[in-house]
Amino acid sequence: MKKVYNNADEAIFDISEGNTLMLGGFGLCGIPENCIAALEKKGANNLICISNNAGVDDFGIGLLLKKKLIKKMIASYVGENAEFERQLLNGELDVELIPQGTLATRCMAAGYGIPAIYTPAGVGTEVAEGKESRIFKGKEYLMEFAFEADFALVKAWKGDTAGNLIYKGTARNFNPLMAMAGKVTIAEVEELVEAGELDPNEIHTPGIFVHRIFKGNSYEKRIEQRTVRKRL
Amino acid sequence: MLDKNQIAQRIAKELKDGFYVNLGIGIPTLVANYIPEGINVTLQSENGLLGMGPFPLEGEEDPDLINAGKQTITTLPGSSFFDSAISFGMIRAGKVDLTVLGAMEVSENGDIASWKIPGKLVKGMGGAMDLVASAKNIIVAMMHTNSKGESKLLKKCKLPLTGINCVKKIVTDLAVLEITDKGFRLLEKAPGISVEEIKNKTEANLICDGEIPEMKL
């Protein structure tokens, strides 16, 4: 089966109303910029999006929010996003906030074929409300279910025509976990090479998890907090 | 009374050679500026980096290299990158020796509230709930009172909790305190601050054993 697509428009052709999507990235670092732009253009309503953050007003997932494509956002931190706040306060958007480690591990469980995990995060807080808990060796843990996602949209640094992926720096974050978890995983990469050109020792995500891959264009890679030291 | 940098400076004295440390956003981040000489500490950033270095030189910022506060940073010799599940694996499995984070309230049994004020917009808990649920040693860095002058050291937290029975030590602008089975115990007072003033600004009971030494920075 063909894995290589020409561009984001072709790769996301069947994302449709009501789908659940996972989107990789931490803040704006390692987000699938091309897929988000294509989705903004194509449009699909009532999406449920699982992502650590919700982008900023004019970039990342913020673009999908602005077009009102998202019905529900599942995230650990939603940050500074005026449109997000407006939709939330107006009841146009549903939000579920969950601990970051729980978010990561629920993605991981999905990719590992494990239905649920136990974590101590949130015990004794409102996160625990309505959840099954269990004591192991005297400590309480919450049962958290693996996510289910129709599509995982991930961003990698390099990829090959077999779907193998390599990430760069902290742009790795949730991407490898989500890549393993999607029913259909769409990977966009900065550099796409022929199978055999990447060293098998250096692959982070084996190609079996990646259904579609394409070379992304004109990455903006916006920086949220530019912090520097002055040159002396 | 200590300023934010001095609170960070006092917390830095708790660092031990070889520690892996996670620093939260705000005052905790400043602790990195005061790591004592001769002490080697490795900073963990929960977005997927062990061995966080200083901010990059102007012009050398890499958008693919940020910390959990989304600031551009650098690596150091011996640094490693990993995914978010591995990152929280380190945290949950107790590999991180010390977590320093801010708080809105701490109660005398070590509960912490730091992520939500009902009626105000909620941004989320990020990694704080995972960190407080698993860390072996948690130090809270905060002001002793809130903007209305009310004590943040309480018998019981009023705000929604981040975690329960987890805080071990608190460094405020007025004092260093530890959580014991019997409540807050005053360990040190800030220069120029009396035990009486600390008592007055602490809603919970304060255990004071003998002469309370002044903090050394």
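This report describes contacts within and between chain A and chain B of a predicted model.

## The interface between the chains

Chain A and chain B meet through 51 residues of chain A and 47 residues of chain B. The area buried between them is about 4,200 Å², and carbon and sulfur atoms give 59% of that area. Polar groups also take part: 28 residue pairs across the two chains are in polar contact, counting pairs with both residues at pLDDT 80 or more. On chain A, the elements that give two or more residues to the side touching chain B are helix H4 (82-89), helix H5 (100-112) and helix H6 (175-181). H5(A) gives the most, with six residues. By residue type, this side of chain A divides into 21 nonpolar, 17 polar and 13 charged residues.

Salt bridges also link the chains, and the count between chain A and chain B is eight. Side chains of opposite charge can pair when their charged atoms come close. One of these bridges joins Lys221(A) to Asp64(B), with the closest N and O atoms 2.5 Å apart.

## Lys221(A) and its network

Where in chain A is Lys221(A) found? Lys221(A) belongs to the segment that follows strand S11 (212-215) of chain A. Its relative accessibility is 19%, so Lys221(A) counts as buried, the cut-off for that class being under 20%. Leaving aside residues up to four places away in sequence, Lys221(A) touches Glu33(A), Lys155(A) and Glu190(A) in chain A, together with Pro63(B) and Asp64(B) in chain B. The side chain of Lys221(A) makes a polar contact of 2.9 Å with that of Glu190(A), and another of 2.5 Å with that of Asp64(B).

Glu190(A) also meets Lys155(A) in a salt bridge, at 2.8 Å from N to O. This pair links distant parts of the chain, since Glu190(A) lies in strand S10 (residues 182-193) of chain A and Lys155(A) in strand S8 (residues 149-160) of chain A, 35 residues apart. The two partners fall into separate accessibility classes: Glu190(A) is partly exposed at 24% relative accessibility, whereas Lys155(A) is buried at 5%. Salt bridges that share partners join Lys155(A), Lys168(A), Glu190(A), Lys221(A), Asp62(B) and Asp64(B) into one network.

## Salt bridges elsewhere

Over all chains, the structure holds 28 salt bridges. One of them lies in helix H4 of chain A, where the two residues stand three places apart in sequence. The side chains of Arg86(A) and Glu83(A) meet there at 3.1 Å, N to O. Their separation along the helix is about one helical turn. An α-helix has 3.6 residues a turn, so residues three or four places apart point the same way. Arg86(A) is partly exposed, with a relative accessible area of 32%, while Glu83(A) counts as buried at 16%.

A further salt bridge is found in chain B, where Arg10(B) pairs with Glu14(B) and the closest N and O atoms are 3.0 Å apart. Are these two residues buried or exposed? Both Arg10(B) and Glu14(B) are buried.

## Helix H1 of chain B

Arg10(B) is one of the buried residues of helix H1 (residues 4-12) of chain B. The others are Ile7(B), Ala8(B), Ile11(B) and Ala12(B). The cover over the buried residues of H1(B) includes helix H2 (27-30), strand S5 (98-101), strand S8 (138-141), strand S10 (169-171), strand S11 (175-180) and strand S12 (183-189) of chain B. At the N-terminal end, Asp3(B) caps the helix, with a side-chain oxygen 3.1 Å from the backbone nitrogen of Asn5(B).

## An aromatic cluster in chain A

How many aromatic pairs does a search of the whole structure find? The search finds two over all chains. In one pair, the rings of Tyr118(A) and Phe136(A) have centres 5.0 Å apart and planes at 75 degrees, so their arrangement is edge-to-face. Tyr118(A) lies in strand S5 (residues 116-119) and Phe136(A) in strand S6 (residues 133-136) of chain A, so this pair ties together parts 18 residues apart in sequence.

Tyr118(A) is partly exposed at 31% relative accessibility, and Phe136(A) is likewise partly exposed at 31%. Phe136(A) also pairs with Tyr141(A): the ring centres are 5.6 Å apart and the planes stand at 70 degrees, so this pair is edge-to-face as well. Tyr118(A), Phe136(A) and Tyr141(A) thus form one aromatic cluster.

How values were computed. Residues are numbered from 1 along each chain as its sequence is written. Chains are lettered from A and ligands numbered from 1 in the order in which they are written. Side-chain values use heavy atoms; hydrogens and water are left out. Contact means heavy atoms within 4.5 Å. Buried area is the accessible area (1.4 Å probe) that two parts lose on being put together, summed over both. A salt bridge is a side-chain nitrogen of Lys or Arg within 4 Å of a carboxyl oxygen of Asp or Glu. A polar contact is a pair of N or O atoms within 3.5 Å; within protein, one must be able to donate a hydrogen and the other to accept it, and residues adjacent in sequence count only if both atoms are side-chain atoms. Helices (H or I, at least four residues) and strands (E, at least two) are DSSP runs, numbered from the N terminus. Ala, Val, Leu, Ile, Met, Phe, Trp, Tyr, Cys and Pro count as nonpolar, Asp, Glu, Lys and Arg as charged, and the others, Gly among them, as polar. Rings of Phe, Tyr and Trp (its six-membered ring) pair if their centres lie within 6.5 Å; planes under 30 degrees apart count as stacked, over 60 as edge-to-face and the rest as tilted. Buried means under 20% relative accessible area, exposed over 50%, partly exposed in between (1.4 Å probe, protein chains only).
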